[in-house]
Each structure stands twice: as C-alpha cells, then as structure tokens.
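The following exercises concern a single protein chain and are to be worked through with its sequence and coordinates at hand. Each task is followed by a solution in steps.

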Amino acid sequence: MYFKPKPEKTYTIKIDPHKDKIVPVENDRFKDAYGNPIKRYECIIMHVNNWREQKWPVSKTVCLQIIEQLRKGFTVLKVTRHGSDRNTTYTIEGVQ
C-alpha cells in the first residue's frame, strides 16, 4: 500500500534508516521531456498513530529533505503536503 498525503494535511511518520533503505525506482507515470521515466525514491514509512507501514515514492527534492532530517538524528517526521499535481511541495520537519 502506498502513502498518498492529502493537500494541506500534516502527518506524523517514522522512518527507520537502519532497517529500511531509500531505494531509487523508475515509474512510467512520471516522464522527462524526452519521454524517459523519471527516477523516484521509495522509502518505507510507518504512521506513528497506528503503526501501519506504507511505501512512499518521492521526488529527488523530497528525498533530500528527508535525508537532511535523518542526518540531524530525527526519525519521526512531520510531513505537510502543499498544492497538487506538479505544483506539490512538502514541508518536512524533524520531531524526534
């Protein structure tokens, strides 16, 4: 099952970098100007409120935001989605 955040909603998730690696994947749904699949990055997240695991495919930009928080020592993150479709951005902040 995939994590599909709704716009303007904040989620508290946990990522265990020791157990689950962020892996590159190609998805035919997203293509570059030449029609080639864009590389996405898939991480396994766990919802803190119900401990349900889901896959979350993200762009390189969001992946770098996640990695930045993991490097600071945070494994529990607050994720807020802004906008929709190609105008989507995320605010990712470390909680714990």
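**Exercise 1: A residue of the helix and its surroundings**

Gln 69 has its place in helix H1. The model under study is a predicted one.

Task. Determine whether Gln 69 is buried or exposed, and list which residues are in contact with Gln 69 beyond its neighbours within four places in sequence.

Solution.
1. The relative accessible area of Gln 69 is 8%. Buried means under 20%, so Gln 69 is buried.
2. With neighbours within four places in sequence left aside, Gln 69 is in contact with Phe 74, Leu 77, Ile 92, Glu 93 and Gly 94.
3. A C-alpha to C-alpha distance can be added: Gln 69 and Val 95 are 9.3 Å apart in space and 26 residues apart in sequence.

**Exercise 2: Chain architecture and overall dimensions**

Task. State in what order the elements of the chain run from the N terminus on, and assess how the radius of gyration of the chain stands to the value from the globule rule.

Solution.
1. The chain contains one helix and six strands.
2. Read from the N terminus, the order of these elements is β-β-β-β-α-β-β.
3. The radius of gyration is 13 Å, and the globule rule gives 12 Å for 96 residues; these values are close, so the chain is as compact as a globular protein of that length.
4. The C-alpha trace spans about 40 × 30 × 25 Å along its principal axes.
5. Of the 96 residues, 29% count as buried. The chain exposes about 6600 Å², of which carbon and sulfur atoms supply 50%.
6. Among contacts between residues at least 6 apart in sequence, 45% join residues at least 24 apart.

**Exercise 3: The largest nonpolar core**

Task. Identify which residues touch the most other members of the largest nonpolar core, and which element gives the most to this core.

Solution.
1. The largest nonpolar core has 17 residues, and those touching the most other members are Ile 13, Ile 15, Ile 45, Trp 56, Val 62, Ile 66 and Ile 92.
2. Two or more residues each come from strands S1 (10-14), S3 (37-47), S4 (53-58), S5 (76-82) and S6 (89-94), and from helix H1 (60-71).
3. H1 gives the most, with four residues.
4. Ile 92 may serve as an example. Residues up to four places away in sequence not being counted, Ile 92 touches Trp 56, Val 62, Gln 65, Ile 66, Gln 69, Leu 77, Lys 78 and Val 79.

**Exercise 4: Aromatic pairs**

Task. Classify the pair formed by the rings of Trp 56 and Tyr 90, and explain what parts of the chain this pair ties together.

Solution.
1. The count of aromatic pairs is three.
2. One of them joins Phe 3 and Tyr 11, edge-to-face, at 5.1 Å centre to centre with 90° between the planes. Phe 3 and Tyr 11 are both buried.
3. For Trp 56 and Tyr 90 the centres are 5.5 Å apart and the planes stand at 75°. Planes over 60 degrees apart count as edge-to-face, so this pair is edge-to-face.
4. Trp 56 lies in strand S4 and Tyr 90 in strand S6, so the pair ties together parts that are 34 residues apart in sequence.
5. Trp 56 is buried, with a relative accessible area of 2%, and Tyr 90 counts as buried at 16%.
6. Ring pairs link Phe 3, Tyr 11, Trp 56 and Tyr 90 into a cluster.

**Exercise 5: Salt bridges**

Task. Find which residues are joined into one network by salt bridges that share partners.

Solution.
1. Side chains of opposite charge can pair when their charged atoms come close. The structure holds four salt bridges.
2. Among them, Glu 68 and Lys 72 meet at 3.6 Å, N to O. Glu 68 is partly exposed, at 41% relative accessible area, whereas Lys 72 is exposed, at 52%.
3. Shared partners join Lys 19, Asp 20 and Glu 53 into one network.
4. Within this network, the side chains of Lys 19 and Asp 20 meet at 3.9 Å, N to O, while the closest N and O atoms of Lys 19 and Glu 53 are 2.9 Å apart.
5. Lys 19 lies in the loop between S1 and strand S2 (23-31) and Glu 53 in strand S4, so their pair ties together parts that are 34 residues apart in sequence.
6. Asp 20 counts as buried at 18% relative accessibility, and Glu 53 as partly exposed at 40%.

How values were computed
Residues numbered from 1 in each chain as written. Predicted model: local features only at pLDDT ≥ 70, side-chain atom pairs only at ≥ 80, totals over all residues. Heavy atoms only, no water. Core = buried A, V, L, I, M, F, W, Y, C linked by side-chain atoms within 4.5 Å. Buried < 20%, exposed > 50% of the residue type's maximum accessible area, 1.4 Å probe, protein only. Contact = heavy atoms within 4.5 Å. Rg over C-alpha atoms; globule rule 2.2 N^0.38 Å. Areas by Shrake-Rupley, 256 points an atom, 1.4 Å probe, with all protein chains shown as cover. Phe/Tyr/Trp six-rings, centres within 6.5 Å; stacked < 30°, edge-to-face > 60°.
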